[in-house]
Protein chains: 2
Amino acid sequence: MQQIAMINEKLVGYEDLDPVYLDRGFYFGDGVYEVLRSYNGKIFAIDEHMERFSNSLSAIGINTVNIDHIRQKVVSAFEQSQISNARIYFHITRGSAPRNHSYSTDIKPNFFMTIIELPDSTKSKLNGIAVSTFPDWRWKRCDIKSLNLLANVLARQDAESKGCEEAILVDENDHITEGAGSSFFAILNDTLLTAPLSENILPSITRKYVLKAADNISMKIAERSLTVADAVGADELFIGVTTKDIVPVVKFDDKDIGNNMPGENTKKLVEEFKQFTV
Amino acid sequence: MQQIAMINEKLVGYEDLDPVYLDRGFYFGDGVYEVLRSYNGKIFAIDEHMERFSNSLSAIGINTVNIDHIRQKVVSAFEQSQISNARIYFHITRGSAPRNHSYSTDIKPNFFMTIIELPDSTKSKLNGIAVSTFPDWRWKRCDIKSLNLLANVLARQDAESKGCEEAILVDENDHITEGAGSSFFAILNDTLLTAPLSENILPSITRKYVLKAADNISMKIAERSLTVADAVGADELFIGVTTKDIVPVVKFDDKDIGNNMPGENTKKLVEEFKQFTV
């Protein structure tokens, strides 16, 4: 019996494969991830990110990871990188094994991390961005931060092909869930609106801090699902994303929002958010 | 600026990473795959598999792959393997690049294939298998054979934890879509029943040949969605999967089907299916 494998144009013995090629992350997207950032040498909200990561691991039944050990690796590698404003990405997959949907419970998880300098987002934050809508094709457990992100990729690519920076995902009932890689907010009559937490959206950490910022400045908050018509008719829109915190949205599916300028309430939230990042 | 990466416990320079670690298959499940098998040295239904693969590639916007070249690689590697009854798995991912949801259109796709000997499935085919239901958490484009398979993994693992060989996925309207890695069929009053093709199920090649076999032996066919109650009340049940073609189901969520024995109509279909594989 001769078992073989092929990597691009190269034939190799199946037994000689580097385990990375048998990683279940490849075959199934069988893993979960986090993205953190630092502001001026300090990692933001690491407790919340590690807690969410731990929840994601549990939700897919990866139970053998020591979360404190992961945290130590993140902090130590970040310190060694000496990058002041860094984007820290890491994932854990279930491990490497011959392809089979089911898995052995003694499989050893794989860890992977990158720490790179954050690209500058000053322009987006200052001038606001354009977004476009795309059907929310994602799975039904978007509360788990998993590596199954093809729906997000297709949505974001569609948005960029239209000259937009983000795709806003719309479910079959015409309700906005969130962005392809962000949470979504509207302001109407000085009230901050965003979808309630559910299995349809990620428990965004930026969202949590945005709500805290709104509360700090006594802005009214209503957690309810928004329709596309709600968004188009809003006074102000913005997205929340770890790498850029608050980014004003000034165009939604080609319709100007707030005269194509970041709104006053959004600016107040941006200012208040800075309190958390010093 | 120092950019770093970490693979398990090892710190490496970001620039020194093997491109496999930057494969979008890892980050996003951004790729599509096929599984073929051979019967006695002959690959089954390769035309259909290559056509479906081509459709999957197009559906996610990977447009730079020469499908004839892929077919040649598959056939040539299979011949070199000299495995008579082989399971051929291959995938193409969009390519390797620093993590970003959107992608450059000039990114170069990555190909990966394994050819291994098929495990023996005589016992399952002869005695039938037990299956259990699980919520269909998958995305809304299950017609695309993508690498986003975490929902399938969780369903299959749940089934195996219950001593079952396959999970049958049930949507929020209590309708059965298909198995975690198979298509699903019932026989009621000598009529073969299976869900119609849609964006909710894979256009299974085994399904196509099962319908052809039923037609060959003048069995009535009705393509309609089945509820869990329909399945429990059916005379016979079976799944269809490339690696084993027809496998009788004799237990569905702990309820015996057809006295816990493969049914007569199913056996006729198994016999007729053999015509296609000689």
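Here are some notes on this predicted two-chain model, going from the symmetry to the strands, a loop residue and a pocket.

1. Symmetry first. Turning chain B by 180°, with a shift of 0.0 Å along the axis, lays it on chain A with an RMSD of 0.0 Å. The two copies are therefore related as by a two-fold rotation axis. The contacts follow suit: 100% of the contact residues of chain B recur in chain A, so the same surface serves both copies. If you want a landmark for the axis, look at W139(B), whose C-alpha lies 1.9 Å from it, the closest approach of any residue of chain B.

2. Next, strand 1 of chain A, residues 4-7. I4(A) and M6(A) point one way from this strand, while A5(A) and I7(A) point the other way. Buried or exposed, these four? All of them are buried.

3. Strand 1 of chain A has a partner in its own chain. It runs antiparallel to strand 2 (residues 10-13) of chain A, and 4 bridges join the two. Within that pairing, M6(A) sits opposite L11(A). The two strands make a hairpin with 2 residues between them, and N8(A) in the turn has a positive phi of about 50°.

4. Strand 1 of chain A also pairs across to the other chain. Its partner there is strand 6 (residues 110-117) of chain B, again antiparallel and again with 4 bridges. For a residue to click on, take A5(A), whose bridge partner in strand 6 of chain B is T114(B).

5. D136(A) is worth a look. This residue is in the loop between strand 7 (129-135) and helix 5 of chain A. Why does D136(A) count as buried? Its relative accessibility is 6%, and buried means under 20%. Leaving aside neighbours within four places in sequence, D136(A) is in contact with L169(A), V170(A), D171(A) and T177(A), and also with K140(B) from the other chain.

6. Finally, the second largest pocket. It holds about 1100 Å³ of space. Its lining counts 47 residues, and those nearest the centre are R156(A), G181(A), V241(A), T243(A) and H101(B), so both chains are represented there. Several elements of chain A give two or more residues to this lining: strand 3 (31-39), helix 5 (150-161), strand 9 (175-179), helix 6 (205-216) and strand 14 (236-241). By class, the lining of the second largest pocket has 18 nonpolar, 17 polar and 12 charged residues.

Methods. Residues are numbered from 1 along each chain as its sequence is written. Chains are lettered from A and ligands numbered from 1 in the order in which they are written. This is a predicted model: local features need pLDDT of at least 70, side-chain atom pairs count only at pLDDT 80 or more; totals for chains, interfaces and linings use all residues. Side-chain values use heavy atoms; hydrogens and water are left out. On a 1 Å grid over the protein atoms alone, a cavity is a set of points where a 1.4 Å probe fits but cannot get out, and a pocket is an open set with protein on both sides within 12 Å along at least five of seven lines; lining residues have an atom within 4 Å of a point. Grid points are joined across faces, edges and corners, and a volume is the space filled by probe spheres set on the points. Ala, Val, Leu, Ile, Met, Phe, Trp, Tyr, Cys and Pro count as nonpolar, Asp, Glu, Lys and Arg as charged, and the others, Gly among them, as polar. Buried means under 20% relative accessible area, exposed over 50%, partly exposed in between (1.4 Å probe, protein chains only). Contact means heavy atoms within 4.5 Å. Two strands pair if DSSP finds at least two bridges between them. Copies are superposed by least squares on the C-alpha atoms of residues with pLDDT of at least 70 in both.
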